[in-house]
Amino acid sequence: MMEHLVSFRFNGPLEPQKQQELLALLHGLKEQVPGIVELTAGFNETEETGNIHGYTLGLRVTFTDREALRAYGPHRAHQAFVASLEGLVEKVVVVDYPIAP
(Lines give C-alpha, C1' and ligand atoms only; values in the text may rest on other atoms or scores of the structure.)
Protein backbone atom coordinates (compact mmCIF):
# COMPACT_ATOMS: atom_id res chain seq x y z
CA MET A 1 0.00 0.00 0.00
CA MET A 2 1.01 3.62 -0.49
CA GLU A 3 0.29 6.62 1.72
CA HIS A 4 -0.21 10.02 0.06
CA LEU A 5 -0.03 13.08 2.33
CA VAL A 6 -0.73 16.59 1.09
CA SER A 7 -0.73 19.94 2.91
CA PHE A 8 -2.12 23.08 1.29
CA ARG A 9 -1.18 26.70 2.01
CA PHE A 10 -3.69 29.14 0.56
CA ASN A 11 -3.14 32.71 -0.65
CA GLY A 12 -5.48 33.95 2.07
CA PRO A 13 -8.30 32.85 4.35
CA LEU A 14 -11.07 30.82 2.72
CA GLU A 15 -14.73 31.47 3.32
CA PRO A 16 -16.47 28.63 5.21
CA GLN A 17 -18.53 27.81 2.10
CA LYS A 18 -15.34 27.36 0.02
CA GLN A 19 -13.82 25.19 2.75
CA GLN A 20 -16.87 22.92 2.71
CA GLU A 21 -16.81 22.78 -1.11
CA LEU A 22 -13.17 21.67 -1.12
CA LEU A 23 -13.78 19.05 1.58
CA ALA A 24 -16.77 17.66 -0.33
CA LEU A 25 -14.67 17.33 -3.48
CA LEU A 26 -11.89 15.60 -1.57
CA HIS A 27 -14.17 13.19 0.28
CA GLY A 28 -15.90 12.37 -3.00
CA LEU A 29 -12.64 11.09 -4.46
CA LYS A 30 -12.88 7.87 -2.44
CA GLU A 31 -16.00 6.81 -4.34
CA GLN A 32 -14.72 7.95 -7.74
CA VAL A 33 -11.06 6.93 -7.91
CA PRO A 34 -10.20 3.21 -8.05
CA GLY A 35 -7.58 1.99 -5.62
CA ILE A 36 -8.33 4.31 -2.70
CA VAL A 37 -8.51 2.30 0.52
CA GLU A 38 -9.00 5.22 2.90
CA LEU A 39 -9.20 9.01 2.60
CA THR A 40 -9.32 11.69 5.27
CA ALA A 41 -9.17 15.46 4.85
CA GLY A 42 -9.72 18.46 7.06
CA PHE A 43 -8.77 21.98 7.98
CA ASN A 44 -5.99 22.41 10.50
CA GLU A 45 -7.04 22.80 14.13
CA THR A 46 -3.65 22.15 15.71
CA GLU A 47 -2.71 23.92 18.91
CA GLU A 48 0.92 23.81 17.77
CA THR A 49 0.52 27.18 16.09
CA GLY A 50 4.28 27.64 15.68
CA ASN A 51 4.34 24.65 13.35
CA ILE A 52 1.50 25.59 10.97
CA HIS A 53 3.64 27.65 8.56
CA GLY A 54 0.44 28.75 6.82
CA TYR A 55 -0.71 25.22 5.89
CA THR A 56 -4.40 24.95 6.66
CA LEU A 57 -5.76 21.96 4.73
CA GLY A 58 -4.49 18.41 5.09
CA LEU A 59 -5.23 15.33 2.99
CA ARG A 60 -4.28 11.70 3.64
CA VAL A 61 -5.05 9.02 1.07
CA THR A 62 -4.14 5.34 1.36
CA PHE A 63 -3.87 3.56 -1.98
CA THR A 64 -3.81 -0.17 -2.67
CA ASP A 65 -0.46 0.15 -4.43
CA ARG A 66 1.89 2.47 -6.30
CA GLU A 67 0.02 1.99 -9.58
CA ALA A 68 -3.22 3.21 -7.99
CA LEU A 69 -1.37 6.30 -6.71
CA ARG A 70 0.04 6.93 -10.19
CA ALA A 71 -3.42 6.62 -11.77
CA TYR A 72 -4.89 9.08 -9.24
CA GLY A 73 -3.02 12.14 -10.55
CA PRO A 74 -4.56 12.22 -14.03
CA HIS A 75 -7.98 10.88 -12.93
CA ARG A 76 -10.80 13.26 -13.94
CA ALA A 77 -12.13 13.56 -10.35
CA HIS A 78 -8.69 14.53 -9.04
CA GLN A 79 -8.23 16.97 -11.90
CA ALA A 80 -11.61 18.56 -11.06
CA PHE A 81 -10.36 19.11 -7.50
CA VAL A 82 -7.11 20.60 -8.80
CA ALA A 83 -9.12 22.96 -11.04
CA SER A 84 -11.19 24.09 -8.03
CA LEU A 85 -7.97 25.36 -6.42
CA GLU A 86 -7.24 27.76 -9.30
CA GLY A 87 -5.95 31.05 -7.88
CA LEU A 88 -6.32 29.89 -4.25
CA VAL A 89 -3.15 27.95 -3.50
CA GLU A 90 0.21 29.47 -2.63
CA LYS A 91 2.06 26.22 -1.97
CA VAL A 92 1.49 22.47 -1.70
CA VAL A 93 3.64 19.88 0.07
CA VAL A 94 3.32 16.21 -0.93
CA VAL A 95 4.78 13.15 0.80
CA ASP A 96 4.27 9.64 -0.63
CA TYR A 97 5.60 6.51 1.04
CA PRO A 98 4.96 2.76 1.06
CA ILE A 99 3.24 1.26 4.11
CA ALA A 100 2.85 -2.32 5.26
CA PRO A 101 -0.57 -3.88 4.56
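Is R9 buried or exposed? R9 is buried, because its relative accessible area of 18% falls under the 20% limit. This is a predicted model, and the report below starts from the sheet and then returns to R9.

**The sheet**

Four strands form an open sheet. Their order is β2-β3-β1-β4, and the pairing is antiparallel. Strands β2 (36-43) and β4 (89-98) are the edges, each pairing on one side only. From one strand to the next, the twist averages 10°.

Strand β1 covers residues 2-10, and strand β3 covers residues 55-63. These two run antiparallel and are joined by 8 bridges. One pairing can be named: F8 has L57 as its bridge partner in β3. In general, strands of a sheet pair through backbone hydrogen bonds, either parallel or antiparallel.

Helix α1 (residues 16-32) packs on this sheet. The helix touches β1, β2 and β3. Its direction makes about 170° with that of β2.

**R9 in strand β1**

R9 sits in strand β1. Its side chain reaches the backbone oxygen of H53 at 3.0 Å. Neighbours within four places in sequence set aside, R9 is in contact with H53, G54, Y55, V89, E90 and K91.

**Y55 in strand β3**

Y55 belongs to strand β3. At a relative accessible area of 15%, Y55 is under the 20% cut-off and therefore counts as buried. With neighbours within four places again left out, Y55 is in contact with S7, F8, R9, N44, K91 and V93. R9 is thus listed among the contacts of Y55, and Y55 among those of R9. K91 is in contact with R9 and also with Y55.

**G87 in a loop**

Where is G87 found? G87 lies in the loop between α3 (76-84) and β4. Its relative accessibility is 60%, over the 50% limit, so G87 counts as exposed.

**Separations along the chain and in space**

Two pairs can be set out by their sequence separation and their C-alpha to C-alpha distance.

| Pair | Separation in sequence | C-alpha to C-alpha distance |
|---|---|---|
| Y55 and V6 | 49 residues | 9.9 Å |
| G87 and F10 | 77 residues | 8.9 Å |

The first row joins Y55, a residue of β3, to V6 across 49 residues of sequence. The second row links the loop residue G87 to F10, with 8.9 Å between their C-alpha atoms.

Notes. Residues numbered from 1 in each chain as written. Predicted model: local features only at pLDDT ≥ 70, side-chain atom pairs only at ≥ 80, totals over all residues. Heavy atoms only, no water. Pairing = 2+ DSSP bridges. Axes fitted to C-alpha atoms, helices over the stretch in contact; angles between N-to-C directions. Contact = heavy atoms within 4.5 Å. Buried < 20%, exposed > 50% of the residue type's maximum accessible area, 1.4 Å probe, protein only. Polar contact = N/O pair within 3.5 Å; in protein donor to acceptor, adjacent residues only side chain to side chain.
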